[in-house]
Amino acid sequence: MKSIAHFLLFFAALMLLPACGNIDKLVESGDYEAAIERAQRNLTGRQKKNPRYVLALEEAVNRANEQDVQRAEDLKRRGPSTDWTAAFRIYDNLNRRQIALRPLLPLVDKDGRQAQFRFVRVQPLLTEAREKAAAQTYAEAEALLAEGRRGNKSAARQAYSVFQQVNYYMAGYRDTPQLIREAEDLGVVFVILQVENRSRAYLPAGFERELLNLRHVNMDSQWRRFHLQPVAGQAYDYRALLSINGIDVTPERVSERIYTDEKEITDGEEYVLDENGNVAKDSLGNDITRPRQIIIAADVVEVLQTKNSIVSGSLEISNLYTGQVVERRQLNAEGIFENYASTFQGDRRALSNATRSRLGNSPLPFPTDEEMILMAAEQLKPILQNELAGSLSLL
């Protein structure tokens, strides 16, 4: 039994050697974060701490801290051009590293040696970097907002994003909340939507109203607003012009189809005859019968009424400041009237399910041409809405 136990201990030691070797290589190559993560994972929750992991963690943490302090100091030596956001990230990472180490402290390996970590008093450095990063980012956002106030909406949207970063460093810094709202207002793009009939065909009353009865919730976004009617005093950035280029209504069509549905069913019983034509008997002398199969049929007359309308057009989005067309799309929609009316003569049981579903319908009055055009407008509406919602060029 002792030999087996010794063998298992020896085998476990052999399995640990490659892992320990790998962590040593991580430390030697300067990949301190990976070394720290691996060492902490292998030490957490273990009563007997592996000396090699303890030593590797000690070296990796001390070297990483020293490296971070040096990098931050190098940045700060640049004076006014110091990137305080980068300095803050360095100190923040250093602080998180030290906090993550606390649950393991004091860290003593199984041989009784305690790791010696050279912790950095990072809070004053982190506070300084946070304050100066907030001020530096605020100044950057202010410069962008100034561009936004001069009409550069893209700069206003960037200012909004950068002011959000200021809040990350110091919530409510100076007048950041008010400037965020101002940047958001200045960054909104306004689009006026108009319809123009270039088809030389008559558009029925209510066509434009039906077409522009769009759901703004699916089109508007944080940075984009569509107006279907001009608003007094509102300056517009873009015009979305829907040109109706063609309208076509097909003639009324009535087609008739006559067909027969057949089905084999069981209808009572019949006698079984022998080879002489007499009723066959069983061994007890009783007449032999069997189910009687018959073919039933029903003649179906089906009338199909159809009428179609097609509205074709184009959506052209123009920058109202430059006059440049930034997007152009072809849009087409079809209105379809279709009605089935079916009657039959014969055995109802022969009818198929498809035929049964159309029974009872009667011929209907055909829609007028105006109604067909409005039907096409109803189909064009969601297509127009989706195209407008996807107009990324407006930002």
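Buried means under 20% relative accessible area, exposed over 50%, and partly exposed in between (1.4 Å probe, protein chains only). Helices (H or I, at least four residues) and strands (E, at least two) are DSSP runs, numbered from the N terminus. This is a predicted model, in which local features need pLDDT of at least 70 and side-chain atom pairs count only at pLDDT 80 or more, while totals for chains, interfaces and linings use all residues. Residues are numbered from 1 along each chain as its sequence is written, and side-chain values use heavy atoms, with hydrogens and water left out.

**Exercise 1. Work through helix 6: its span, its start and its buried residues.**

Step 1. The expected span of a helix is 1.5 Å times one less than its number of residues. For the 17 residues of helix 6 (residues 153-169) this gives 24 Å, and the end C-alpha atoms are 25 Å apart, which agrees.

Step 2. Look at the start of helix 6: a side-chain oxygen of Asn 152 comes to within 3.2 Å of the backbone nitrogen of Ser 154.

Step 3. Now pick out the buried residues of helix 6, among them Ala 155, Arg 157, Tyr 160, Phe 163 and Tyr 169. Their cover, counted by contact (heavy atoms within 4.5 Å), includes helix 4 (84-101), helix 5 (123-149), helix 7 (176-187) and strand 1 (189-197).

**Exercise 2. Describe the salt bridge between Arg 71 and Asp 68.**

Step 1. A salt bridge is a side-chain nitrogen of Lys or Arg within 4 Å of a carboxyl oxygen of Asp or Glu. Here the N to O distance is 3.2 Å.

Step 2. Arg 71 and Asp 68 are 3 residues apart in helix 3 (residues 51-76), about one helical turn. An α-helix has 3.6 residues a turn, so residues three or four places apart point the same way.

Step 3. Compare the burial: Arg 71 is partly exposed at 43% relative accessibility, whereas Asp 68 is buried at 3%.

**Exercise 3. Find what the salt bridge between Lys 307 and Glu 252 ties together.**

Step 1. The side chains of Lys 307 and Glu 252 meet at 3.7 Å, N to O.

Step 2. Lys 307 lies in strand 5 and Glu 252 in the loop between strand 3 (238-249) and strand 4, so the pair ties together parts that are 55 residues apart in sequence.

Step 3. Lys 307 is buried, with a relative accessible area of 3%, while Glu 252 is partly exposed at 48%.

Step 4. For the wider picture, salt bridges with shared partners join Glu 33, Asp 68, Arg 71 and Arg 97 into one network. The whole structure holds 29 salt bridges.

Methods:
A polar contact is a pair of N or O atoms within 3.5 Å; within protein, one must be able to donate a hydrogen and the other to accept it, and residues adjacent in sequence count only if both atoms are side-chain atoms.
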